[in-house]
Every structure is written in structure tokens, then in C-alpha cells.
Amino acid sequence: VQEGKLRLDDRLMTVLPELQPGPGQTLDPRYREVTIRQLLHHTFGSNSARNGDPMFQWRQAQTLFGGAPHSIANMTRYGFGLPLHADPGTVYAYSNLGYMLLGRVVEKVSGRSYEEYVRQEVFAPLGVTTARIGRSLLSQRYTDEVRYYDFEGAATVPSLVPGVTGNVPRPYGGSFLTEVAESWGGWVISAVDLMRYVTGLDGRRQ
């Protein structure tokens, strides 16, 4: 928006006319009225509390795509193919799906990957250097990243990670795919850089 490439009241489907629901899904016609501003404000009509958060419905999405490996594209299309719960602009309801869609908007308008754009245009001017999209497996953990734990004695569960069979711990590919979450929950960042980002939002860059 600041670069003049997009307006907050532009419609999602004007920016992303190529976006389509998953196979066998039908587009809710109300999506044609959804704006960038409504996605940012969680008022575009999706309600994660009603029928569950579509961005955590990994296995349903995979079934829809015939067992294909999880991907950002497939999860976006799956969520986009679900009906809205309210008319756009009428109700506030938190939605991770909105930010998955916004990640695709950033890529389309900037011509860069979402991670590359945010690191270069948002984090770098604030002196934030550690932020990057995380990975799902323990073996892929960054050298300076914390380790995640389930409760003591927790059972392992079937892997969601493409190419990884068998059971894995829930925090490492059993309930969440960090690299697919990307624009709605995939960032890893140090505590110091997180505060640089927060204070940067207030216009302070110390």
C-alpha cells in the first residue's frame, strides 16, 4: 500500500483472479466482495470458532487433493473453497485463513516470495536479522532455535510431513507444518529481534 501497488479496499479476487477452490469445492460468491482491509481486520466472513480452523485441517485438505503432499498452494485452495460464515465486513472473527490469503497477495503484488519480501522490506529496515520461516522436523531446527516439547508421556502421532512416514512428536510434524503455515504462523525470531519489531511498529527503531 505504501508503495502504491495496492489499496486496502481492493478486492481479493481482483488482486488474485487466478485463485481457485480445491477440486470438487464451490466458491462462495461472497468472496467476490472480500477486500484486503477485511482480511487484515478478520472481518471477511470466515469464523474459525464455528467449524474449526481450516488451516489446521491438514488431513481433510490432503484427502481433497487425493493424498498429495501438503503445500501452501493446496492449503490456500482448500481454505478458499470453504463457505464463509458471514457476509464480508459484518462480523469480526479471528481467522488464520485470512493471513494465508494475504501471504499470496504479498507475493503477487511484490513479485517475490512472501518470506523474502517481509525479511527485506519489513524486518531489515528495523535491524531484525534473525526472523525466518521455521521448519517442521526436529532435525531441521535452526542452531539458535528453542526446542519444543509435548507433555511428559505424550504419544507420537502420524506424520504430516511430506516424505516422512510413521509417527512423530506432535510439535515436530505431528500437528503443525511450520513452513506451510508461513504467513499465518511460520515465523521463528529471537526475543531481542521480536522487540525490535514491536517497537518499530511504534516508529521507534532503537
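**A tour from the whole fold to S48**

Start with the whole chain in cartoon view and follow the protein from its N terminus, where the elements run α-α-α-α-α-α-α-β-β-β-α-α-β-α. This is a predicted model, and in it the protein has 10 helices and 4 strands.

Next, keep the entire protein selected and show its C-alpha atoms, which fill a box of roughly 50 × 45 × 30 Å along the principal axes. The radius of gyration is 18 Å, which agrees with the value near 17 Å that a compact globule of 206 residues would have. Among the contacts in the protein with a separation of 6 or more, 70% come from residues 24 or more positions apart.

Now switch to a surface view, where the accessible surface comes to about 11,200 Å² and 53% of that belongs to carbon and sulfur atoms. Of the 206 residues, 44% count as buried. If you then colour the charged side chains, you will be looking at 21 positive and 20 negative ones, and the centres of these two sets lie 1 Å apart.

Finally, select helix α3, which covers residues 48-51, and pick out S48 within this helix. Is S48 buried or exposed? Its relative accessibility is 13%, and because buried means under 20%, S48 counts as buried. Display the residues around S48 and, leaving aside those up to four places away in sequence, you will find that S48 touches D53, P54, Y94, S95 and N96. Of these neighbours, Y94 deserves a second look: the side chain of S48 reaches the backbone oxygen of Y94 at 3.3 Å.

Technical notes: Residues are numbered from 1 along each chain as its sequence is written. This is a predicted model: local features need pLDDT of at least 70, side-chain atom pairs count only at pLDDT 80 or more; totals for chains, interfaces and linings use all residues. Side-chain values use heavy atoms; hydrogens and water are left out. Helices (H or I, at least four residues) and strands (E, at least two) are DSSP runs, numbered from the N terminus. The radius of gyration is taken over C-alpha atoms; the globule rule is 2.2 Å times the number of residues to the power 0.38. Buried means under 20% relative accessible area, exposed over 50%, partly exposed in between (1.4 Å probe, protein chains only). Contact means heavy atoms within 4.5 Å. Accessible areas come from the Shrake-Rupley method with a 1.4 Å probe; for residues, only the protein chains shown count as cover. Lys and Arg count as positive and Asp and Glu as negative; His and the chain ends are not counted. The place of a charge is taken as NZ of Lys, CZ of Arg, CG of Asp or CD of Glu. A polar contact is a pair of N or O atoms within 3.5 Å; within protein, one must be able to donate a hydrogen and the other to accept it, and residues adjacent in sequence count only if both atoms are side-chain atoms.
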